[in-house]
Amino acid sequence: MNGSKASYLQLFGVFAKIGSFTIGGGYAMIPIIQDELVRRGWIDEEEFPDIIALAQTAPGLLAVNTSILAGYRVGGAKGCVVATIGSILPSFLFILAIAMVFTSFKDNPTVESIFRGIRPVVVALIAVPMINMARKNCRTPGGVLLAAATAVLVAFLKVSPIYILIAVIGYSVVSLAWKGRKQS
């Protein structure tokens, strides 16, 4: 295993805890996963944004992809499986239990009120890690401008992030080639 030693039971326990107590999944899990893995010394704080970036580029759920990558980083192929099962098992069991009893409670005003109250918390849980990642990774005026432009393009103009990534990668390749030509 990489970093500090972790047993597969510890790895399962951490991801089961994350999966159990993260309402909203995906982005809401990011600060909890980061805290758990960095605090234990399993992953460096500097490499965590790379794991998130990779998880976002892979098809599938962000939470599952993050569990796969972090589990692999901590415990290899077995760690990957253990972390993934740990992160999805609580949600699966919780949703299964809800599905079994939800039909009798779905129109209950108390249940509806609870879900309305949870929504703003989920928004905050998603916003905080994004702001923290922006602070750590947008250190130049160009980086800040690019992040802001991307947010506007995706949120308000409904431009696909795929096109933005392709454009930025293309620009980076052309820019590096241009700099290489000028130096030689």
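This report describes helix packing, salt bridges and a nonpolar surface patch in a predicted model.

Near the start of the chain, helix 1 (residues 8–21) and helix 2 (residues 30–39) have axes that come within 10 Å and cross at roughly 160°, and the two helices are therefore roughly antiparallel to each other. The crossing in which helix 1 passes helix 2 is right-handed.

The structure holds six salt bridges, and Lys17, Asp35, Glu36, Arg39 and Arg40 are linked in a network of such bridges. Three of the pairs are listed here with the separation of their N and O atoms.

| Pair | N to O distance |
|---|---|
| Arginine 40 and glutamate 36 | 2.3 Å |
| Glutamate 45 and lysine 136 | 2.3 Å |
| Arginine 73 and glutamate 47 | 2.8 Å |

Arginine 73, in helix 4, and glutamate 47, in the loop between helix 2 and helix 3, link distant parts of the chain, 26 residues apart. Arginine 73 counts as partly exposed at 25% relative accessibility, whereas glutamate 47 is buried, with a relative accessible area of 19%.

In the pair of arginine 40 and glutamate 36, arginine 40 is partly exposed at 29% relative accessibility, while glutamate 36 counts as buried at 5%. Glutamate 45 is partly exposed at 35% relative accessibility, and lysine 136 is likewise partly exposed, at 33%.

A nonpolar surface patch of about 850 Å² is made by Val81, Ile85, Leu89, Phe92, Leu93, Leu96, Met100, Val101 and Phe105. Among these residues, valine 81 lies in helix 4 (residues 62–101) and counts as partly exposed, at 48% relative accessibility.

Methods:
Residues numbered from 1 in each chain as written. Predicted model: local features only at pLDDT ≥ 70, side-chain atom pairs only at ≥ 80, totals over all residues. Heavy atoms only, no water. Patch = residues over 30% accessible without salt bridge, like charges linked within 9 Å, V, L, I, M, F, W, Y side chains within 5 Å. Areas by Shrake-Rupley, 256 points an atom, 1.4 Å probe, with all protein chains shown as cover. Salt bridge = Lys/Arg side-chain N within 4 Å of Asp/Glu carboxyl O. Helix = DSSP H or I, 4+ residues; strand = E, 2+ residues; numbered from the N terminus. Buried < 20%, exposed > 50% of the residue type's maximum accessible area, 1.4 Å probe, protein only. Axes fitted to C-alpha atoms, helices over the stretch in contact; angles between N-to-C directions. Parallel < 35°, antiparallel > 145°, perpendicular 65-115°, else oblique. Left-handed = near helix turned anticlockwise from the far one by under 90°.
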